[in-house]
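Q: I'd like a close look at one part of this model, please. Take your time and walk me through it in one go.

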Amino acid sequence: MPQILVRLIEHLQADDLGMPELAALISKDAGMTGKLLAVANSSAYQRHHRNVNLEQSLVALGTDMIKTLVISDSVFQTFNNFPHSGSTDLRAFWKNSLGGAVIAREIARLVEYPHLEEAYLAGLLHNVGRLALLATAPKEYAYNFTARDDEDLCAVEQRTLQITHAEAGAWLIERWQLDSFLADAVLYHHEPSERLESAHPLIRIVRLAHVLSSHPDDEAAVREAAALCGIDGEQAAQLLMGAARQVEKAAAHLGIDLAGADDIPAPPAYAAPSLDPVQQRLSEEVRNMVLVSEVGQSFARQQGESGLLEAMTRSARILFDFGNAVVLLENPTGHALVGAPTQGSQRIAEFAVPLAKGGAIAKSALERRPAFIRKDAGNDSGSFGLAEEQLLRMLGTDSLVCVPLVAGARCLGVLIGGVAAWQIPYCQRRERFMQSFGAQAATALETMLSERGHARRQLAHVADEYREASRRVVHEVNNPLSIIKNYLSVLDSKLARQEPVSTEMSILNEEIDRVGQLVSSLADLKPSDAGPRPTDVAKVVDEVQRLFRSTGFVPSTVDIAVTMHDEATRIEGDADVLKQILVNLVKNAIEALGNTGGRVEIVNRGHVNRERQLYLELVVSDNGPGLSREVLAHLFSPVKSTKDGAHHGLGLSIVHSLVKKLGGHIACRSGRSGTAFEILLPAWSGAAGTAVALPARALGPALGAAALGPALGPV
């Protein structure tokens with residue numbers, strides 16, 4: 001667009017354009033200055049046959065005429081620069097455009113719309129999409145450029161070019177960075193009147209201006225469009241009569257010859273015979289296959305990750321008409337998509353989309369399907385969140401297309417392109433092509449990352465596992481070391497009394513072996529490949545009870561009681577893991593009772609049916625003061641402990657992870673009467689399988705902790 005029009009619109013939107021500002025603006029454009037001087041010295045304004053300067057010319061013309069001439073001449077300059085505009089008879093087009101502009105301004109004046117020049121410009125541009133289509137596809141659109149402007153024309157345009165002139169005009173106005181309401185007025189000027197009842201006033205004004213300038217004889221259409229603006233039939237007729245004179249006057253001032261414009265026939269829209277639908281679809285699929293193959297070869301030739309990412313975004317912009325594009329890749333943990341920096345978009349590396357938080361982008365990656373995101377969809381659908389809003393601003397657009405990068409069964413990330421809202425239907429029709437494009441890009445990306453990036457992510461993951469394992473081992477080693485320390489004290493006393501110590505030596509050997517096993521576990525982070533094996537719960541509980549009773553760790557004021565079930569005694573899992581769980585819980589219970597004493601109970605409540613799986617329920621409880629609501633709410637999370645000494649708050653976090661490792665569930669109940677940890681562990685099935693699965697008609701009672709849910713938080 002000419003700079004003078006851009007500056008004029010800026011001043012008009014700021015509402016601060018007086019005569020001095022107009023004069024300063026026009027004086028910078030020699031062509032516009034000459035145009036205004038010529039009009040001011042014409043017979044319409046100058047009766048004394050003497051030349052006037054620019055300032056006198058502006059005074060003679062008046063502010064309204066100056067704005068009209070600047071807007072009109074700037075737009076026509078732009079139109080004349082369109083390809084093929086010089087080889088086509090544009091008289092009818094100019095007349096229709098001027099008619100729409102003049103009528104739109106008069107309607108705006110009648111309904112007291114404050115921005116008269118905006119209405120004039122919208123009317124002048126309402127059919128600019130027809131000129132754009134002629135410039136883009138002269139061979140396919142030459143006949144329909146002169147066709148009657150109605151809904152049939154839009155249908156033919158959509159069928160032959162996959163875009164209507166209303167959509168093309170709105171796209172062009174957005175590229176010129178004019179006001180969005182102006183683009184909407186052009187986009188919806190063919191919409192049925194009943195859909196525009198609550199639309200922005202400018203949209204309704206342009207709709208009526210279009211009907212009066214293109215279909216003045218269609219009484220029903222005129223009546224409906226006029227009703228949108230609160231105008232009756234007589235006022236509409238007066239608008240039409242007054243517009244004819246103003247169009248002739250404006251054309252004369254602008255030097256546009258409209259003679260014979262009404263003699264140019266306006267035939268009905270015509271679409272060349274279309275291909276057989278099956279043949280057309282086959283041709284499109286073959287074309288897409290060739291394109292995808294070429295794209296894949298292009299990606300394979302790229303050197304380095306940055307080169308591949310550049311090729312991906314560049315190809316997407318060309319193939320899908322994205323205004324801009326970025327790539328988000330899955331992070332090493334697989335919990336989020338993070339920005340992949342490319343040339344010109346380095347700050348995208350600071351952007352992340354958590355997959356667990358939902359939203360259209362996360363959903364596209366998880367479901368491995370393209371997503372089409374419109375800003376005007378709002379938050380009602382739950383798909384438009386903060387991440388989507390940030391990307392819209394980052395890409396400078398009002399809609400997004402999200403293409404997942406899927407290689408085999410894995411989604412490596414997404415490619416996100418910015419498009420205008422009207423382009424969304426076109427992109428949706430190419431969804432399969434986009435999926436094929438994403439697959440080729442993902443295959444190339446996976447090949448490149450397999451040697452370097454994937455190994456780096458694995459290394460980081462292993463390092464995290466080692467750090468976590470180290471913390472766990474440091475905590476768990478404290479339990480057998482405490483037992484060993486206490487037993488050494490007992491051993492010293494017995495030796496002094498010359499009593500037998502074979503039992504204590506056996507326990508010391510067991511605990512030393514357990515320390516060795518815990519330290520050795522650091523060398524192998526992978527779970528054992530051994531199949532499931534049964535564990536006798538009663539035997540493990542007896543060992544734990546014996547450990548605590550035989551040492552000085554249990555005060556004389558604390559009683560440990562055990563109640564075992566006669567039949568339900570075996571679970572599926574490792575005995576050492578169960579022992580670790582019980583040692584931690586019993587130790588915590590003893591510490592909770594403190595010096596005041598009390599009772600610790602370990603109870604086997606038998607079998608529990610939870611969601612058609614059979615479990616054995618163990619409960620470790622105490623009759624201490626209970627846990628506060630804040631502590632209970634954040635149980636099982638690894639945070640700083642409030643206990644005295646070198647504790648790290650990992651005990652219950654480790655208990656929770658060990659229970660989960662056994663395939664079980666754990667919950668905590670606490671009140672003034674004490675605290676109880678209720679554990680469900682898979683019952684032994686009697687075969688090399690998993691926990692016992694019950695038939696659908698089994699109606700066993702929901703016992704004990706059948707409705708347990710994992711708790712959260714530290715202790």
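How do H6 and H7 run relative to each other: roughly parallel or roughly antiparallel?

A: Keep in mind that this is a predicted model. Start with the two helices: H6 covers residues 91-110 and H7 covers residues 116-125. Their axes come within 7 Å and cross at roughly 150°. Angles over 145 degrees count as roughly antiparallel, and H6 and H7 are therefore roughly antiparallel to each other. As for the hand of the crossing, H6 passes H7 in a right-handed one.

Now for who touches whom. On the H6 side you'll find Ser97, Leu98, Gly100, Ala101, Val102, Ala104, Arg105, Ala108 and Arg109. They meet Leu116, Ala119, Tyr120, Gly123 and Leu124 of H7. Sort the residues of this contact by class and you get 9 nonpolar, 3 polar and 2 charged.

If you then scroll along to the strands, there's an open sheet built from 6 of them, with antiparallel pairing, in the order S3-S2-S1-S6-S5-S4. Strands S3 (352-354) and S4 (371-374) sit at the edges with a single partner strand each, so one side of each has no neighbour in the sheet. From one strand to the next, the twist averages 25°. Look at the S3 edge: S2 (residues 336-340) pairs with S3 in the antiparallel sense over 3 bridges. In one of the bridges you can pick out on screen, alanine 336 has proline 354 in S3 as its partner.

Definitions and conventions. Residues numbered from 1 in each chain as written. Predicted model: local features only at pLDDT ≥ 70, side-chain atom pairs only at ≥ 80, totals over all residues. Heavy atoms only, no water. Pairing = 2+ DSSP bridges. Helix = DSSP H or I, 4+ residues; strand = E, 2+ residues; numbered from the N terminus. Axes fitted to C-alpha atoms, helices over the stretch in contact; angles between N-to-C directions. Parallel < 35°, antiparallel > 145°, perpendicular 65-115°, else oblique. Left-handed = near helix turned anticlockwise from the far one by under 90°. Contact = heavy atoms within 4.5 Å. Nonpolar A, V, L, I, M, F, W, Y, C, P; charged D, E, K, R; others polar.
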